[in-house]
Structures are given as structure tokens and as C-alpha cells.
Amino acid sequence: MLAFLTSQIRMPALAALLFVAPQLAAEDIGDAKAGTEVWEHCSACHQIGQGATSGIGPHLNGIFGRAAGGLEGFDYSKGLIREGNNGLVWSLDKLDAYLENPKALVSDTRMSFDGLETKKERDDILAFLRQFSDNPQNIPEAPPTARTHEIVLPPEVLAIVGDSEYGEYLASECTTCHQIDGANEGIPSITHWPQEDFVVAMHAYKVKVRPHPVMQMMAGRLTDEEIAALAAYFEKLE
Amino acid sequence: MPLNRRTFMVKGVAAATVLSAPHVRADNHAGKPKVVVIGGGAGGATAARYIAKDSKGEIDVILVEPSRMYYTCFFSNLYIGGFRELSSIGHSYGGLTKGGVNVVHDWAVGVDRAAKTVSLAGGAVLNYDRLVLSPGIDFVDGAVPGWDVTSQNKMPHAYKAGSQSELLKAQVESMPQGGTFAMVAPPNPFRCPPGPYERISMVAHVLKETNPTAKIIIADPKPKFSKMALFQEGWADNYSGMVDWIGEEFGGGNVEVNADEMTLSIDGEVTKVDVCNVIPAMKAGRICELAGITEGNWAPVHAATMQSRVDENIHVLGDASAQGDMPKSGFSANSQAKVCAMAVRGALTGSKVFPAKFSNTCWSLIDTDNGVKVGATYEATDEKIAKVDGFISSTGEDAALRKATFEESVGWYAGITADMFGS
């Protein structure tokens, strides 16, 4: 439902963005300072920060990106070990679901906690917890630290007329790797493609039909308008 | 004509440029907004080029960079490993000049934020409407006991590319058979998170060919590092028994060096070494401190525009900035520079400003045709540049994929250097 709502408001918002000052495209998880108060619900069983050790519950340093039941030496419930074996890794969304209702996610968890119903409380405690896991500045592969908006647009994508001026701006990201003069050394040329081919290829990356991870990532956050804009720009590039 | 500060400064610039750099155009477009960019690396060169290119002559852009030939830090490890010539990572500024950037080869030695001027070592004073600082890194004094910059000719850092890279490569190649190469790795945050470990891979590659009984030790103050599983797998598979990583847990952060004796002490145990690559803790390039825009070691910025949190007329790019989640890398600086260029043009000429988007990929070479990568996309939040998505190579990938990843990195190098320096 939330993703549906954001998709509805995304188009007019984007149109407005073209003419105003820089806008923020992602949201911080929550207020980490406020999260220190929420932490009081947790601190009877869990430790966090320098020198934290496991007690009744496992210590929560490095919880983001850790597999469920994954801290060596801690005696987990069968449920957490099972979910870990099933591939559950603690991400923002998974932790959010677990904190909202622990037993809904892991039915036989031993964490005796009713859950945090208020979204703000969950956001704040998650922001607090995130400070004690790897920082992407130092470990670039560390899990994300913010939420971005899921973008889902109507299917008439091929009919969109691309704004090549916008495309030129967006293209600066492409030209970090793809050379503007069409050179083809290790990374393919993307200049002078027919617009439709370009749009189809980019959407194929976006939905991960094409396999290349860098391109999946780059295409994954482009809107249909942005893809059309890039296609318009690169086709007509001199 | 009344001689106020502004007209004086403009004349001062014109006179100084005539004296110090004859090829620089006289700066007499008094009506145009002026941007001064300090530092001609991945952040500064890209910002200067994009502002000049996209403003189509509406903004005067001056780039201040002491070196006439810039050696990229990225791929300098490949030079040490014998995969690139040094000349192939050197770039001159002719393309930027052709692109309308006024390139001044001098040191920036002061910033007067009230007057909005930059003073250069050669005596010139430059006015700016917006100042872009992209000076890269300097080292924290006293970070490694026993080492200071005067030790760098015996114990090179090789973390600014060029003569330091040449020295380290020569030292590795002249190690005695069975000798010891040591690295003192830096604490977080530092330029190029996988860089020290790619360097270890490149040194191991050279030693495997020429000096297979040699040893490599790394004293590291950190408990873990980027692509750790990939590097450790690579070292075990390709350089078995050669590399000994001593992390925080085993005293890797408790080191002292003696450049005259060529010794390294790790947690009290002194070892005689043949090469000692000391990579000290880092801070923003000194001009940021001189401009008074640092907090701690770095210069904090607003994510959406890369504007300093201390002075809205100054933007800080790349390694020197404290921006949030992006690693300090050439790719990051290049990405931030484009956001900055757009914000600067928007402020000075009223051009469209689009939402900030940032990305980074770090490729590393483990051995011949064995490349890995880690990358992410980032967006601006109120607090910082935040990571929103990413990927990393997997352990156990097949040789064809690793070869393709390496070839991709070679293509990227050609792409980003063309994007930075023009052609």
C-alpha cells in the first residue's frame, strides 16, 4: 500500500523538482537520539557499543547484515537458526518487521517482547541500532543507512518523449564509465542507440532481466522519464 | 575610478596571471560569476570541467593545481604490480584548458572567506563567487609513532601517486630473497577503503614471480576491512602462506616504526623489515583547515549540494569532505563533483537543478585477470549522503567473470579519466 501511494505522488513531485532547489530523494531511517530512549525496552537483555557482550540476548553490534541466528557462540532458539538457514539476513525491512511483531516473523523466537506498534518508535530504534553496524563509508558493502522510494510507473513507457536536456544531466553518471565519444574498451558504447532499444535495455536491467549488477543498480533507480530522457540524449549525441 | 577591494583584486589577478602563467587568459570579464576550484583530481578537475562545459561561457572557472602532470591514485597499485606503466596514469591539463577552464599551476595558501578570495603561493589573489575545495588528503601528524613526512623517502606512504609510487615499486623489486614487506594500514576513515589490500595483492603478485620466499605482514588497527572475504580468499588461493594480516585483535593498531633501523614494532614485538609502507591516518587537505571549514579531521557538507556546513559559498568534494556514507574514492569524488557543478550553476546562473544522485564502484585487482568490485548508489537525506542500494562480487566466482570484471575496470579507468580531464 505504501509503495502504491508513493508511486501515485511521484510523478507530479518529479515535475516540480525540475524547477526548484535540490530535493532530498531518500529518507533517514529515524532519529537516533530519540532511539536511545526506545533502547530502554531492549537494554535489559541486549548490549550494544564498545565492549558489548551477549547475555540473555545476543549483543547487537553489527546486527545489520548479520544472518538470523548468526552470532557465533550464542544459544539461539531453533526458530532463529531455521530462519537463518532459510536465508534471513537482518536488513532494515526485516528488523522493522521483527520489531513490530517478533512472533509474526519468527514464530518460536525466545525474544519475549510484544513489539513496537508505533512506526516512529521503530524508526528511531532502528536508526539507533544502525550506528553500531558497519559504516558504508569504511566498508562500502555495508547495508544501506536510508530508505529510498520505490518507483512504479504506468506501462506506456515507450510513448514517453524524453527530455534530452534532462538526459544530458543524467548522462554524467553514465559517462563516468561509458565514454562519450563512443569508445568501446572493456565497457560498451552507449551512444547513438535507437531510443526504443535503449529504453528496453534499461528497463531490462531495472527489473533484473539483464544480469550486470552495476547496470541493475544504476537502472534500478531511474524513473521511466529519466530512462526516456537518457535515450533521447544518447541517440542524438554528436 | 574609486579603487575598492573588488576592482583591486580583479587587477591583482590579471597582473599575477600575466607574470606567473603566460598561457592563462587575462581575467577581465568582470561581470561574469567566478568559480575557483582548488585541486585538480577526480573531484576538482571534474567540477571545473562540468561547470565550464555546461555554463557555456557564462561562468569563469579557474582551477588551481600545483602539478602539471597529475597521477591518479586509482590504478597506481596496478603500476606497482606491473600491470600499468606510470605514464599511463599521468594526465596533463590541456583538455581542461581547451574546455574553457583557466588552469593555474600554483599552491593555494589561504582563503579569506569574508572577502571571498583565495591567495596563491605565487602571490596572486583570486576572487570567487563560489569556491570549490577538492584538495584530497593530508596525513595526521604523529599518527604512526616514529614516522613523519621526513621518513617518506625511507618508508613511503605511496598514498599520493607519482614519485612515492615509483619509490615503493623500486623498493619491492630490490627486496632480498626471502625478505619482508610490511604495511602499516590506516584507521578509518581513509582514502580508498580497498586500496591497502589491493596493494598487498599487487606486491604479492610481484614477489610470487621474483621472490617467492618473501613474506608480507600487515599491521592493521581495524578489526575488518572492505572486500575482506574476497581478498582473504584471493591471498589464500594465489599467494598461499605469503600474507600475514595482523588485525586489531592481535595488536595491529599498536605499532611503532624506526626508519633508520628499518624496524617495525607490532604490539611490542620488533621485526626487521626490508620495505615498510606506512599509510598514516588521514585528514582533509590542509587548505580546508586554513579556510576554517573543518570539524575534526574533515570538512562537513550538506549532502544535496556539497556545500560546506560552515560557509555556503564553499563546496567541498571528495576525500576532504565529511558527507556520510560514500567511501573516499576517485569515483565518489567524480560523482559528487557533478552534483556540485549543477548546484553551482544553479546558484550563479539560475540553471535547472535536478535531484542529487550519487554512485560509486571500487574495482580491485587480486591477481592477473582476477578483478572484484563493490559498488553502491547513494542519495541525499537531511543528515548526509546515504547508501540506498549496492552490490559486491562473490567469493568463488569463476575465472571468466573475474576477467570480465578486470576488463571492466580498465574501461572504467579510460572513462573516468576522460570525464575528469576532457580530451
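# Two small sheets and an interface: Q&A on a predicted model

Me: In what order do the three strands of the open sheet with antiparallel pairing, the one holding strand 7 of chain B, stand?
Reply: In this predicted model, three strands of chain B make up an open sheet. Their pairing is antiparallel, and the order is 6-7-8.

Me: Why is one side of strand 6 and of strand 8 of chain B left without a neighbour in that sheet?
Reply: Strand 6 covers 108-112 and strand 8 covers 125-127 in chain B. Both stand at the edges, so one side of each lacks a neighbour in the sheet, and the reason is that each has a single partner strand.

Me: By how much are neighbouring strands of this sheet turned against each other on average?
Reply: Direction is ignored for this one. On that basis the average turn between neighbours in the sheet is 25°.

Me: How many bridges pair strand 6 with strand 7 of chain B?
Reply: Strand 7 spans residues 117-120 and runs antiparallel to strand 6. Among the pairs, A108(B) has L120(B) as its bridge partner, and V111(B) sits opposite V118(B). The count of bridges between the two strands is four.

Me: Which residue takes a positive phi in the hairpin of strand 6 and strand 7 of chain B?
Reply: Four residues lie between these two strands. Most residues other than glycine have a negative phi. Here, though, a phi near 55° turns up at K116(B).

Me: And in the hairpin of strand 7 and strand 8 of chain B, which residue has the positive phi?
Reply: Strands 7 and 8 of chain B run antiparallel and are joined by three bridges, one of the pairings being S119(B) with V125(B). Four residues sit between the strands, and the one with a phi near 110° is G123(B).

Me: What is the order of strands in the open sheet that contains strand 15 of chain B?
Reply: Three strands of chain B form this open sheet, with antiparallel pairing. Strand 14 (255-258) and strand 16 (269-272) are at the edges with a single partner strand each, so each has one side without a neighbour in the sheet. Neighbours are turned by 20° on average, direction ignored. The strand order is 14-15-16.

Me: Which residue of strand 16 of chain B stands opposite I266(B)?
Reply: Strand 15 (residues 263-266) and strand 16 of chain B run antiparallel, with four bridges joining them. Their hairpin has two residues in between, and D267(B) in the turn has a positive phi of about 50°. Across from I266(B) you find E269(B).

Me: Where does M262(B) lie?
Reply: M262(B) is not a glycine, yet its phi is positive, about 50°. Its place in chain B is the loop between strand 14 and strand 15.

Me: What is omega for the cis peptide bond of N188(B) and P189(B)?
Reply: P189(B) is in the loop between strand 11 (180-184) and helix 6 (195-210) of chain B. Most peptide bonds are trans. The bond joining N188(B) and P189(B) is cis, with omega at about -15°.

Me: How much area is buried between chain B and chain A?
Reply: On the contact side, 62 residues of chain B touch 48 residues of chain A. Carbon and sulfur atoms give 57% of the buried area. In chain B, the residues losing the most are F354(B), K357(B) and K387(B), together 15% of what that side buries. The total buried between the chains is about 4700 Å².

Me: Which residue of chain B forms a salt bridge with E165(A)?
Reply: The rule finds four salt bridges across the interface of chain B and chain A, and 23 residue pairs in polar contact. For E165(A), the closest N and O atoms of the salt bridge are 3.7 Å apart, inside the 4 Å cut-off. The partner is K352(B).

Me: Which element gives the largest share of the side of chain B that touches chain A?
Reply: Elements giving two or more residues include helix 2 (44-55), helix 9 (330-349) and strand 23 (370-380) of chain B. That side divides into 28 nonpolar, 15 polar and 19 charged residues. With nine residues, the largest share comes from helix 10 of chain B.

Key
Residues are numbered from 1 along each chain as its sequence is written. Chains are lettered from A and ligands numbered from 1 in the order in which they are written. This is a predicted model: local features need pLDDT of at least 70, side-chain atom pairs count only at pLDDT 80 or more; totals for chains, interfaces and linings use all residues. Side-chain values use heavy atoms; hydrogens and water are left out. Two strands pair if DSSP finds at least two bridges between them. Axes are lines fitted to C-alpha atoms, for helices over the stretch in contact, and angles run from 0 to 180 degrees between N-to-C directions. Contact means heavy atoms within 4.5 Å. Buried area is the accessible area (1.4 Å probe) that two parts lose on being put together, summed over both. A salt bridge is a side-chain nitrogen of Lys or Arg within 4 Å of a carboxyl oxygen of Asp or Glu. A polar contact is a pair of N or O atoms within 3.5 Å; within protein, one must be able to donate a hydrogen and the other to accept it, and residues adjacent in sequence count only if both atoms are side-chain atoms. Ala, Val, Leu, Ile, Met, Phe, Trp, Tyr, Cys and Pro count as nonpolar, Asp, Glu, Lys and Arg as charged, and the others, Gly among them, as polar.
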